[in-house]
Amino acid sequence: MVDGGGEPESSDSMRTFGAVLQALREHSGLSREEFGDLVGFSKHTVASVELGRRMPDLVLVERGEEATGNTGALRKSFPKLARQPGLAAWFRRWAGLEQLAITLYTYECRMIPGLLQTEAYARTLFASQLPPLDDAQIEERWTARTERQKLLRERPNTAFSFILEEQLLLRRTGGVDVTCALINHVLEIGELRNVEIQIMPLSRGAHAGIAGPMQLLETPENQWFAYNEGQRAGLLVTDPKEISVLQKRYARMRSQALSLEDSVSLLERIRGAL
């Protein structure tokens with residue numbers, strides 16, 4: 001199944017919690033009615049929470065944890081219900097899944113991924129968007145991005161892998177100083193034990209991911225999801241057959257990209273040539 005998420009309205013943070021709840025419930029093999037019986041709420045209430053129309057209460061959160069395997073995802077998401085502004089509506093379901101991932105793979109050919117961006121680089125991207133963003137919107141988006149970036153350090157048992165196209169650094173987005181600081185930041189993040197960063201060099205004329213960017217993640221229950229993003233919408237992929245294809249492509253790309261050590265050397269050479 002491929003879910004499109006390009007709804008035009010600015011959905012609030014309850015949608016994020018609802019998406020996490022729905023993913024856990026479905027993974028547990030429970031219908032809304034069956035889940036409702038376990039937690040003591042009607043199937044209509046469960047539906048309202050999952051669709052982001054109703055604020056969940058603590059009783060539902062605690063009972064929901066027990067009904068879905070005590071992953072901790074609902075307890076962690078609950079306090080953050082009011083901390084989701086700045087995320088695109090179509091991205092919120094994926095962002096919710098990120099919070100509980102034990103494996104997260106990212107390939108990017110358009111821009112440095114949000115989890116690796118510096119403030120100056122991110123603000124350059126925000127300032128170039130159309131329709132233009134006002135100052136409040138830019139601050140809101142940067143705040144949301146910094147919250148997501150905490151995953152890298154707050155989840156040391158999550159394995160993060162990034163494959164970045166060399167051209168992303170050669171573009172010098174924001175200028176030489178911004179690019180130099182960005183490379184320093186990427187090198188620093190790459191030193192974390194749970195993070196691997198590889199560069200796909202320009203010398204690699206074609207590779208398995210040439211069709212576009214992709215993200216893959218694994219939940220604590222070893223269920224895999226994929227996410228592909230376009231200009232104005234994103235696609236959450238849940239079909240195992242589709243995910244298997246993307247996993248094969250990502251695995252091939254890891255062998256086609258530079259090794260971790262050679263990636264560091266290339267980043268240092270690019271920095272030295274700025």
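Is T158 buried or exposed? In this predicted model, T158 counts as buried, because its relative accessibility is 3%, which lies under the 20% cut-off.

## Surroundings of T158

T158 is placed in the loop between α9 (151-154) and β3. Leaving out residues up to four places away in sequence, T158 touches A101, I102, T103 and N194. One of these partners, A101, also takes part in a polar contact, in which its backbone oxygen lies 2.8 Å from a polar atom of the T158 side chain.

## The chain as a whole

The chain contains 13 helices and seven strands, and its C-alpha trace spans about 65 × 40 × 30 Å along the principal axes. For 274 residues a compact globule would have a radius of gyration near 19 Å, and the chain, at 19 Å, agrees with that expectation.

Of the 274 residues, 47% count as buried. When contacts between residues at least 6 apart in sequence are considered, 74% of them join residues at least 24 apart.

## S161 in strand β3

S161 belongs to strand β3, which covers residues 159-165. With a relative accessible area of 1%, S161 is buried, because buried here means under 20%.

Residues up to four places away in sequence set aside, the contacts of S161 are with L104, Y105, T106, E196, Y250 and R254. Among them, Y250 is joined to S161 by a polar contact between the two side chains, at 2.8 Å. R254, another of the residues touched, is 93 residues from S161 in sequence, while the C-alpha atoms of S161 and R254 are 9.3 Å apart in space.

## L246 in helix α12

Helix α12 runs over residues 240-256 and includes L246. The relative accessible area of L246 is 10%, so this residue is buried. Apart from neighbours within four places in sequence, L246 is in contact with M214, L216, A226 and N228.

The strands β5 (214-218) and β6 (224-229) can be set beside that list of contacts. Q215 is 31 residues away from L246 along the chain, and the C-alpha atoms of L246 and Q215 are separated by 8.8 Å.

## R123 in helix α7

R123 sits in helix α7, which comprises residues 119-127. Its relative accessibility is 24%, so R123 counts as partly exposed; that value falls between the cut-offs of 20% for buried and 50% for exposed.

The side chain of R123 makes two polar contacts described here: one with the side chain of E119, at 2.8 Å, and one with the side chain of E139, at 2.9 Å. E139 also appears, together with I138 and W142, among the residues that R123 touches when those up to four places away in sequence are not counted. G174 is 51 residues from R123 in sequence, with a C-alpha to C-alpha distance of 8.9 Å.

## Packing of helices α2 and α3

Two packed helices are described by the angle between their axes and the distance between the axes. Helix α2 (residues 32-39) and helix α3 (residues 43-50) pack at an angle of about 105°, and their axes are 8 Å apart. That angle makes α2 roughly perpendicular to α3, because angles from 65 to 115 degrees count as roughly perpendicular.

On the α2 side the contact is made by R32, E33, F35 and G36, and on the α3 side by K43, V46, A47 and E50. By type, the residues of this contact comprise three nonpolar, one polar and four charged.

## Backbone geometry in loops

Most residues other than glycine have a negative phi, and most peptide bonds are trans. Against that background, three loop positions can be described. The peptide bond from L130 to P131 is cis, with omega near -5°, and P131 is found in the loop between α7 and α8 (135-149).

N70, a residue other than glycine, has a positive phi near 55°. N70 lies in the loop between α4 (58-67) and α5 (73-77) and is partly exposed, with a relative accessible area of 45%. N222, which is likewise not a glycine, has a positive phi of about 65°, and this residue is located in the loop between β5 (214-218) and β6 (224-229).

Methods: Residues are numbered from 1 along each chain as its sequence is written. This is a predicted model: local features need pLDDT of at least 70, side-chain atom pairs count only at pLDDT 80 or more; totals for chains, interfaces and linings use all residues. Side-chain values use heavy atoms; hydrogens and water are left out. Axes are lines fitted to C-alpha atoms, for helices over the stretch in contact, and angles run from 0 to 180 degrees between N-to-C directions. Helices (H or I, at least four residues) and strands (E, at least two) are DSSP runs, numbered from the N terminus. Angles under 35 degrees count as roughly parallel, over 145 as roughly antiparallel, 65 to 115 as roughly perpendicular and the rest as oblique. Contact means heavy atoms within 4.5 Å. Ala, Val, Leu, Ile, Met, Phe, Trp, Tyr, Cys and Pro count as nonpolar, Asp, Glu, Lys and Arg as charged, and the others, Gly among them, as polar. Buried means under 20% relative accessible area, exposed over 50%, partly exposed in between (1.4 Å probe, protein chains only). A polar contact is a pair of N or O atoms within 3.5 Å; within protein, one must be able to donate a hydrogen and the other to accept it, and residues adjacent in sequence count only if both atoms are side-chain atoms. The radius of gyration is taken over C-alpha atoms; the globule rule is 2.2 Å times the number of residues to the power 0.38.
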